[in-house]
Amino acid sequence: MEFASLQDLCLLLISSAIRRCICSERLCRLSVLLQRSPASDPPLVRISNTGLGSCIEEFQNLKCPVEGILAETWNGIVYVRTTNICDKEISCYQLNLKENVTTRKPILLPSNIKHGVKFSGTEVCLSVSESIDVLLEEFNCFFQKILVLKVPNIAMEVMADGQDVPGSRNDAVFLEKFSPSSSFAASTLDHLKFGLESYVLRHGSSLACDSCFPNRDNLRSGGGMVCEDKHKTTKLVVEAAVVTTEISNPTNNCFRAGCSNTKVLCFKDFAPCSISEALLKALTGIDWKRYGLALECAIDQRSHALLKWEHMPLSFHIHIVVHCYDKHVFEAMPLLQKTRFDKKLIRKAVKLALDDFKNKHAGVLLSADTLKVSACSRRNQEQLLKLASIFHLQISKFAPDLAKSIAGLVLYSSDMDFKEECLAILGLQPHQSEGEIVGENIKNKIISAIEVNDRRQQGTKEVAPLLFEGRHELQFVDDECDEDGLDPMDL
């Protein structure tokens, strides 16, 4: 496993320490200490973890480049101190990573007695030629990404110690305590979704942006997981999480302001990793139109993938994270992991996360076809409302003639009981049986019924109001009669 720079080596060693903490399944502490030294001595980096010791074989495959600046400026020496809970002493080793991997032999140094104290852990120490400030910035960025995984059993810190340099001070660059909200019972996918939400809330930095995101209520998320168990020796797991946000008035220093592109973070075996070709192919192979999105292109930005969308509103943002790991990462030696990327599994996991999102948040990420149908439905509804308005207007015009015809049927009926009952329903007395009074009364009721029906909420199942109120419920009948197999003339 070759590394290109001391920064890469340090991040590799930190990732190994994180996985040891995960394997221990106990509360652990991960500490990275950068020690500034006098000008004549190179700075030191100490990476330590509690919870689980290591095996020296973990470091045997580390390979330093034989050419270049690193080969010329670094001595290649790494010191390892490790112990397990049952050990009586702390084993100490020295390795020269410039030596050939096949012939390299670790040098066993004098061990340290534990004096009956039971603890376990590992510490790796090496000198570096890079500037401490450069390393601090790199480590801080690395740990901010690690927080996306929301590993519940690790407290992490990055310290810059300048006690050997006059005028210097100790700086706590990064500090993450145990989170009381983290649950050991929760799945890694639940932690991934929660971690991505936290990452979005703080805009990827250590501080939250209260003006853009007052709380988590503004976030919507979904997650998906898929496993491959084709071989007895490996079990590849791919988890994906999706979070969307809408920022109506982003602050001037908001890193999302004026940009609707999506940054896809990628992790492998519980550590940030560079973007692989398999990941890019998986992302471009998704039918994004199913989710109302039009992908313009996917770009490898080395630390993340960048998805550019067509016609995406600047206020709407999508955040995605993908984590691939071997299930046996909880058992095997951390630095010996060789998890591969599988584009089919990645694509499936991301699609499951998007589908989960759609199921939880109806009306968001609608497919292109659904949006077309919705737009068509709205246009049809507008046309129907317009036709209904014209129809009601025409009926209103004919209301006087219709009222006159109904009044004639009532007034000239030879059935006196029917005539008196109709007048009573209209609220009229026998002496008010003149044609004009009865006709005017019926016309007003017709127009009133039409106006009320016009104002009722669209889509309700209520029938039009009664024209007459009484034992004889004469009423306007809508199309629902036809659906039930009834003939309006039978009423």
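User: Contact means heavy atoms within 4.5 Å. This model is predicted. Among contacts in the protein chain with a separation of 6 or more, what percentage comes from residues 24 or more positions apart?

Analyst: Start with the make-up of the chain: 10 helices and 14 strands. Now take its contacts with a separation of 6 or more. The share from residues 24 or more positions apart is 69%.

User: What percentage of the residues counts as buried?

Analyst: Buried means under 20% relative accessible area. The protein chain has 491 residues. The part of them that counts as buried is 44%.

User: Where does the largest nonpolar core lie with respect to the domains?

Analyst: This core has 62 residues. Ile14, Val45, Trp74, Leu126 and Phe139 have the most contacts inside it. Its largest share, 11 residues, comes from helix H1 (residues 6-24). Domain 1 (1-180) and domain 2 (187-366) both give residues to it, so the core lies between domain 1 and domain 2.

User: How many residues does the second, separate core have?

Analyst: Its members include Val238, Leu283, Val322 and Leu354. The count for this second core is 37 residues.

User: Which residues does Trp74 touch, leaving out those up to four places away in sequence?

Analyst: Trp74 is one of the residues with the most contacts inside the largest core. Leave out its neighbours up to four places away in sequence. The residues touched are then Phe3, Leu6, Leu9, Cys64, Leu97, Lys98, Leu126 and Ser127.

User: At what angle do H1 and H3 pack?

Analyst: Two packed helices are described by the angle between their axes and the distance between the axes. For H1 and helix H3 (residues 132-146), the axes are 11 Å apart. Their crossing is right-handed. The angle is about 35°.

User: How many nonpolar residues are in the contact of H1 with H3?

Analyst: H1 brings Gln7, Cys10, Leu11, Ile14, Ser15 and Ile18. H3 brings Val134, Leu135, Glu138, Phe139, Phe142, Phe143 and Ile146. By class, 2 are polar and 1 is charged, and the nonpolar count is 10.

User: Which helix is among the elements covering the buried residues of H5?

Analyst: In helix H5 (residues 277-284), Ala278, Leu279, Leu280, Ala282 and Leu283 are buried. Their cover includes strands S11 (262-268), S12 (295-300), S13 (305-309) and S14 (316-326). It also includes a helix, residues 343-360, named H6.

User: Is Asp287 buried or partly exposed?

Analyst: Asp287 sits in the loop between H5 and S12. From C-alpha to C-alpha, Asp287 and Lys351 are 8.9 Å apart in space, though 64 residues apart in sequence. The relative accessibility of Asp287 is 43%, so this residue counts as partly exposed.

Terms used
Residues numbered from 1 in each chain as written. Predicted model: local features only at pLDDT ≥ 70, side-chain atom pairs only at ≥ 80, totals over all residues. Heavy atoms only, no water. Core = buried A, V, L, I, M, F, W, Y, C linked by side-chain atoms within 4.5 Å. Buried < 20%, exposed > 50% of the residue type's maximum accessible area, 1.4 Å probe, protein only. Helix = DSSP H or I, 4+ residues; strand = E, 2+ residues; numbered from the N terminus. Domains from an automatic or database assignment. Axes fitted to C-alpha atoms, helices over the stretch in contact; angles between N-to-C directions. Left-handed = near helix turned anticlockwise from the far one by under 90°. Nonpolar A, V, L, I, M, F, W, Y, C, P; charged D, E, K, R; others polar.
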